[in-house]
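Q: Could you take me through the nonpolar core of this model, and then show me how the rest of the chain is arranged around that part? I would enjoy one connected walk rather than a list.

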Amino acid sequence: MAIADLDGDGTSELVIGAPGNDQGGGGAGVVYVFSGAVSGALLPSDASMTLVGQTSNDGAGSSLAAGVLDGVPTLVVGTPGYDDSWSNEGAAYLIQRSGL
């Protein structure tokens, strides 16, 4: 989970990772971004943005960080099971305000 004002509107977004979610394939993981005032139970359909892991077992959302990098609101999403050239080398995606 991470909390930061990612869209610059003065209200913090709540970011929740669901690394075991199967939406992008078994265990691909999902990250939900909830904007505005948040209270009570949250459902995936309440998210203002959903980021889905690329392939099975990515585990997107296993780690999250949010804040300001070089003056730009930034979200970092960890995917420890990401595979490219090696087995489970993992990846971290840096998403800045223009992409949020």
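**The nonpolar core and its surroundings**

A: Happy to. In this predicted model, the largest nonpolar core is built from 10 residues: A2, A4, L6, V15, V31, V33, L64, L75, V77 and I95. Three elements each give two or more residues to this core, namely β1 (2-4), β3 (30-34) and β6. There is also a second, separate core of 5 residues, and L14, V30, Y32 and F34 are among them. As general background, nonpolar side chains in soluble globular proteins tend to be buried together.

A good place to stand inside the main core is V15. Leaving aside residues up to four places away in sequence, V15 touches M1, A2, L6, V31, Y32, V33, L64 and L75. Several of these partners are core members themselves, including A2, L6, V31, V33, L64 and L75. Y32, on the other hand, is listed with the second core.

Next, the frame that carries these residues. The chain has 7 strands and 0 helices, and along the sequence the pattern reads β-β-β-β-β-β-β. With a radius of gyration of 13 Å, close to the 13 Å that the globule rule gives for 100 residues, the chain is as compact as a globular protein of that length. The C-alpha trace spans about 40 × 35 × 15 Å along its principal axes.

The strands are arranged in open sheets, and one of them holds 4 strands in the order β1-β2-β3-β4, with antiparallel pairing. Its edge strands are β1 and β4, each of which pairs on one side only. On average, and with direction ignored, neighbouring strands here are turned by 15° against each other.

Within that sheet, β1 pairs with β2 (residues 13-18) in the antiparallel sense over 3 bridges. One contact point to look at is I3, whose bridge partner in β2 is L14. From there you can step across to the next strand: the bridge partner of L14 in β3 is F34. The pairing of β2 with β3 is again antiparallel, this time over 5 bridges. So that you can connect this with the cores, a general point helps: in a regular strand the side chains alternate between the two faces of the sheet. Here, L14 belongs to the second core, while V15 belongs to the largest one. In β3 (30-34), V31 and V33 are members of the largest core, whereas V30, Y32 and F34 are members of the second.

The other open sheet has 3 strands in the order β5-β6-β7, also with antiparallel pairing. β5 and β7 (91-96) are its edge strands, each pairing on one side only. The twist in this sheet averages 20° from one strand to the next. Between β6 and β7, which run antiparallel, there are 6 bridges. One pair to pick out is L75, which stands opposite I95 in β7; both residues are in the largest core. L75 is also one of the residues that V15 touches, and V15 falls within the range of β2 (residues 13-18).

Moving away from the core, V68 is an instructive contrast. This valine lies in strand β5, yet V68 counts as exposed because its relative accessibility is 62%, and the cut-off for exposed is over 50%. V68 and R97 sit 29 residues apart in sequence, while their C-alpha atoms are 9.4 Å apart in space.

Two loop residues also deserve a look if you check backbone torsions. N57, in the loop between β4 (49-52) and β5 (63-69), has a phi near 65°, a positive value in a residue other than glycine. N57 is exposed, with a relative accessible area of 54%. D70 sits in the loop between β5 and β6 (72-79), and its phi is near 55°, again positive in a residue other than glycine. D70 counts as exposed too, at 76% relative accessibility.

Finally, some totals put the core in context. Buried residues make up 31% of the 100 residues in the chain. Of the contacts between residues at least 6 apart in sequence, 39% join residues at least 24 apart. The chain exposes about 5,400 Å², and carbon and sulfur atoms supply 51% of that area.

Conventions. Residues numbered from 1 in each chain as written. Predicted model: local features only at pLDDT ≥ 70, side-chain atom pairs only at ≥ 80, totals over all residues. Heavy atoms only, no water. Rg over C-alpha atoms; globule rule 2.2 N^0.38 Å. Buried < 20%, exposed > 50% of the residue type's maximum accessible area, 1.4 Å probe, protein only. Contact = heavy atoms within 4.5 Å. Areas by Shrake-Rupley, 256 points an atom, 1.4 Å probe, with all protein chains shown as cover. Core = buried A, V, L, I, M, F, W, Y, C linked by side-chain atoms within 4.5 Å. Pairing = 2+ DSSP bridges. Axes fitted to C-alpha atoms, helices over the stretch in contact; angles between N-to-C directions.
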